[in-house]
Amino acid sequence: MSTDLIDIHAPAIEVRGLVKTFGDNEVLKSIDLTVTAGEVVCVIGPSGSGKSTLLRSINLLEAPTGGEILVEGIDITDEDTDIDRVRTRIGMVFQSFNLFPHLNVLDNLTLAQRRVLKRSKVESEKVAHAMLDRVGLREKAAAFPGHLSGGQQQRVAIARALCMNPDMMLFDEPTSALDPELVGEVLQVMRSLADEGMTMLVVTHEMGFAREVGSRLIFMDGGVIVEQGNPREVLANPQHPRTQDFLSRVL
Ligand code: ADP
Ligand code: MG
């Protein structure tokens, strides 16, 4: 299938019967998940429940064992699909910021734009400055990652993802590695992205963010989606005993 034919009416993400095994360990047990454009879907659940594997499967950092994943209507598990092309539609932000330590902020932001999108130096720098502005770090273009706080580094990582003009963003515990006083500035950037209509799938332990910003909350345990719904309702009135047990330990 040609990746030029993006179906604008298709859901942003459609996961059908996704199974992932590592050896004998079935980590995802037939996950079904549809994310509509503009939704902010937060995913919570205990360590080892398969949250990261789900996110990593969506841009094929992990190869599914079974099932289908469609991104904007394109089956990314089809071996004829140009996965690199699809991946540019998806921005990913990890717990560890994964910036290149030997490159300054501007070069971190222009590298993939130039290599993957073939943008000129001038154009890529223009985009980089605009995205730095968006995350409130306009004055840090020349700084090296090691001279920035963790919160600033994560905001740079978000800006770097935005430079590729993604249609959706996947966040895997973006604030979990941060000192508590630096969490808020990153959540604030994510909240403004959500307010601008970005489609987001966010694995997080920040229940306040999930409640206030999420349009849907998913609770995963043992490789399955146990429960999902309106974040306020799930947090205030969880239906499943496993959700109740998890929330009683984290809230
Ligand atoms: P979570 O993000 O919810 O903590 P993960 O998706 O990271 O969970 O992991 C789910 C399970 O898959 C865990 O049991 C973990 O040990 C296992 N797992 C994850 N990645 C690998 C891998 N590359 N090789 C083997 N096992 C893995
Ligand atoms: Mg994880």
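These legends go with a set of close-up views of a predicted model.

**View 1. The shell of residues around ligand 1.** Here we zoom in on ligand 1 and its neighbours. The run P46, S47, G48, S49, G50, K51, S52 and T53 is part of the surroundings, and F22, N25 and V27 complete the list. By residue type, the shell has three nonpolar members, seven polar ones and one charged one.

**View 2. Polar contacts to the oxygen atoms of ligand 1.** Three contacts are picked out in this view. T53 brings a polar side-chain atom to 2.5 Å from an oxygen of the ligand. K51 does likewise with its side chain, with a polar atom 2.8 Å from a ligand oxygen. G48 uses its backbone instead: one of its polar backbone atoms sits 2.7 Å from an oxygen atom of ligand 1. As for cover, ligand 1 on its own would expose 560 Å², and 60% of that is buried by the protein. Which elements give two or more residues to this shell? They are β2 (25-35) and α1 (51-58). Helix α1 is the top contributor, with three residues.

**View 3. The six-stranded sheet.** Reading across this open sheet, the strands come in the order β6-β7-β8-β3-β9-β10, and their pairing is mixed. At the edges are β6 (90-93) and β10 (224-229), each with a pairing partner on one side only. Ignoring direction, neighbouring strands in the sheet are turned by 15° against each other on average.

**View 4. A closer look at β3 and β8.** Within the six-stranded sheet, β3 is next to β8 in the strand order. Strand β3 covers residues 40-44 and β8 covers 199-203; the two run parallel and are joined by four bridges. Look for V43 on β3, which has V203 of β8 standing opposite.

**View 5. Helix α5 against the sheet.** This one moves over to the β6 edge of the sheet. Helix α5, made of residues 150-162, lies across β6 and β7 (168-172). How does α5 run relative to β6? The angle is about 170°.

**View 6. The four-stranded sheet.** The model also has an open sheet of four strands, ordered β2-β1-β4-β5, and here the pairing is antiparallel. Strands β2 and β5 are the edges, each pairing on one side only. Strands in a sheet pair through backbone hydrogen bonds, whether parallel or antiparallel. β2 shows up again here, having already appeared as one of the elements that give two or more residues to the ligand 1 shell.

**View 7. β1 and its two partners.** Strand β1 pairs with β2 through eight bridges, the two running antiparallel. On that side, K20 faces L28 of β2. On the other pairing, β1 (residues 13-22) is joined to β4 (residues 66-71) by five bridges, again antiparallel. There, R16 has E68 of β4 standing opposite.

**View 8. The β4-β5 hairpin.** Two bridges link β4 to strand β5 (residues 74-75) in the antiparallel sense. L70 and D75 of β5 stand opposite each other. Which residue of the hairpin takes a positive phi? That would be E72, with a value near 50°, in a hairpin that has two residues between its strands.

Notes. Residues are numbered from 1 along each chain as its sequence is written. Chains are lettered from A and ligands numbered from 1 in the order in which they are written. This is a predicted model: local features need pLDDT of at least 70, side-chain atom pairs count only at pLDDT 80 or more; totals for chains, interfaces and linings use all residues. Side-chain values use heavy atoms; hydrogens and water are left out. A residue is near a molecule or strand if one of its heavy atoms lies within 4 Å of it. A polar contact is a pair of N or O atoms within 3.5 Å; within protein, one must be able to donate a hydrogen and the other to accept it, and residues adjacent in sequence count only if both atoms are side-chain atoms. Accessible areas come from the Shrake-Rupley method with a 1.4 Å probe; for residues, only the protein chains shown count as cover. Ala, Val, Leu, Ile, Met, Phe, Trp, Tyr, Cys and Pro count as nonpolar, Asp, Glu, Lys and Arg as charged, and the others, Gly among them, as polar. Two strands pair if DSSP finds at least two bridges between them. Axes are lines fitted to C-alpha atoms, for helices over the stretch in contact, and angles run from 0 to 180 degrees between N-to-C directions. Contact means heavy atoms within 4.5 Å.
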